[in-house]
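User: I should like to learn how pockets and buried segments are read from a model. Could you take me through an example?

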Amino acid sequence: MLTEDSHYHAAAVAFAKAVEDGSNGEITVSIFPAGQLGGEVQMIQNARSGAVDVVVTGEPPLENTVPELTVLSLPYLFSDVAAANAALQGPAGDKLLSYVDNHDLVGLGFLSVFERNVYGTKAVHTLEDMNGFKIRVIQGPGFVGAYEALGAQSTPMAYSEVFLALQSGVVDGAEASPEQLIQDKFVEATDFYNLTNVHHMAAAIVMSGPSFAKLTPEQQKIVRQAGKDAAAASIPVYESNYVEGLAALKEAGIEIVEPDLASFKEKAKGSWENLLTSIPDGQQNLEALLEK
């Protein structure tokens, strides 16, 4: 989980309150923010075994377990945060969550997406500026494939190594939402925040299948409703965090670059066909997500 300022934490707090209120205190929820229980991949595996009851996670770490979700990592899938959230809070999102239930997990809800933009020591004014750009990206096929299609050089590394890598020039940049740069104190190693909008990264709240199975049908109903409450609570928090984060970047002297994205979209969407061939039910879920 991210910091206590994040929409992840807001979702966790809303979930805990809904579960405790709905069960009249029969079920209590303890929150462990800021990765106290380990990284997302580790927490997902612990949830599958029943060692952790509930996990708030970005969607890409779920892709190895639930490959159908990889459709959400297609570049320029959505036009903006509002469109992404509308799709994920509707029937298409529910369908994707149902795949989670096949893997000793229970999909309770999608939280607000993150708008992922390129930040670092180099400005990105045009598509040509991405040529050879050394970028640390989330190691999912949709993220790696998108940046390779744009001409960038994907550089794998742990998130904890990115700050020093930026300072030393090992990478030119990385991709994240603006509030993350503030919350994780990346501003000291960043000169430019480029509004490339390549991904609107989904996040989810999932429960351990073994833990869910121990609940009564009534308790399961309460938990599922709490997941919806958590999702709803996350959306306005992310919206305000984004606006405040972008303002804080400007105040810190970081240049906000707004490239014309037409050529970016055309180039990156060229990776869709190849990516879709490896995603189970990819085409039908893509069509559902884009349905107006």
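**Reading the pockets and a buried helix**

Analyst: The largest pocket holds about 810 Å³ of space. Please bear in mind that this is a predicted model.

User: How is empty space found, and which residues lie nearest the centre of the largest pocket?

Analyst: Rolling a probe the size of a water molecule over the atoms reveals where space is left empty. Here, 32 residues line the largest pocket, and Glu40, Pro61, Arg136, Ile138 and Tyr159 are nearest its centre.

User: Which element gives the most to this lining of the largest pocket?

Analyst: Helix 2 does, with three residues. Helix 2 (40-49), strand 2 (105-120) and strand 5 (173-176) each contribute at least two residues to that lining. By class, the lining comprises 16 nonpolar, 10 polar and six charged residues.

User: What is the volume of the second largest pocket, and which residues are closest to its centre?

Analyst: Its volume is about 490 Å³. The second largest pocket is lined by 23 residues, with Val29, Ser30, Val52, Asp53 and Val54 closest to its centre. Helix 1 (7-22), strand 1 (54-58) and strand 6 (192-208) each give two or more residues to this lining. The lining divides into 19 nonpolar, three polar and one charged residue.

User: Which residues of helix 5 are buried, and what covers them?

Analyst: Burial is judged by relative accessible area, with under 20% as the cut-off. In helix 5 (residues 141-149), Gly142, Phe143, Val144, Gly145, Ala146 and Tyr147 are buried. Their cover includes strand 2, strand 3 (134-136), strand 4 (153-154), strand 5, strand 6 and helix 11 (272-276). Just after helix 5, Gly151 adopts a positive phi of about 100 degrees.

Note on methods:
Residues are numbered from 1 along each chain as its sequence is written. This is a predicted model: local features need pLDDT of at least 70, side-chain atom pairs count only at pLDDT 80 or more; totals for chains, interfaces and linings use all residues. Side-chain values use heavy atoms; hydrogens and water are left out. On a 1 Å grid over the protein atoms alone, a cavity is a set of points where a 1.4 Å probe fits but cannot get out, and a pocket is an open set with protein on both sides within 12 Å along at least five of seven lines; lining residues have an atom within 4 Å of a point. Grid points are joined across faces, edges and corners, and a volume is the space filled by probe spheres set on the points. Helices (H or I, at least four residues) and strands (E, at least two) are DSSP runs, numbered from the N terminus. Ala, Val, Leu, Ile, Met, Phe, Trp, Tyr, Cys and Pro count as nonpolar, Asp, Glu, Lys and Arg as charged, and the others, Gly among them, as polar. Buried means under 20% relative accessible area, exposed over 50%, partly exposed in between (1.4 Å probe, protein chains only). Contact means heavy atoms within 4.5 Å.
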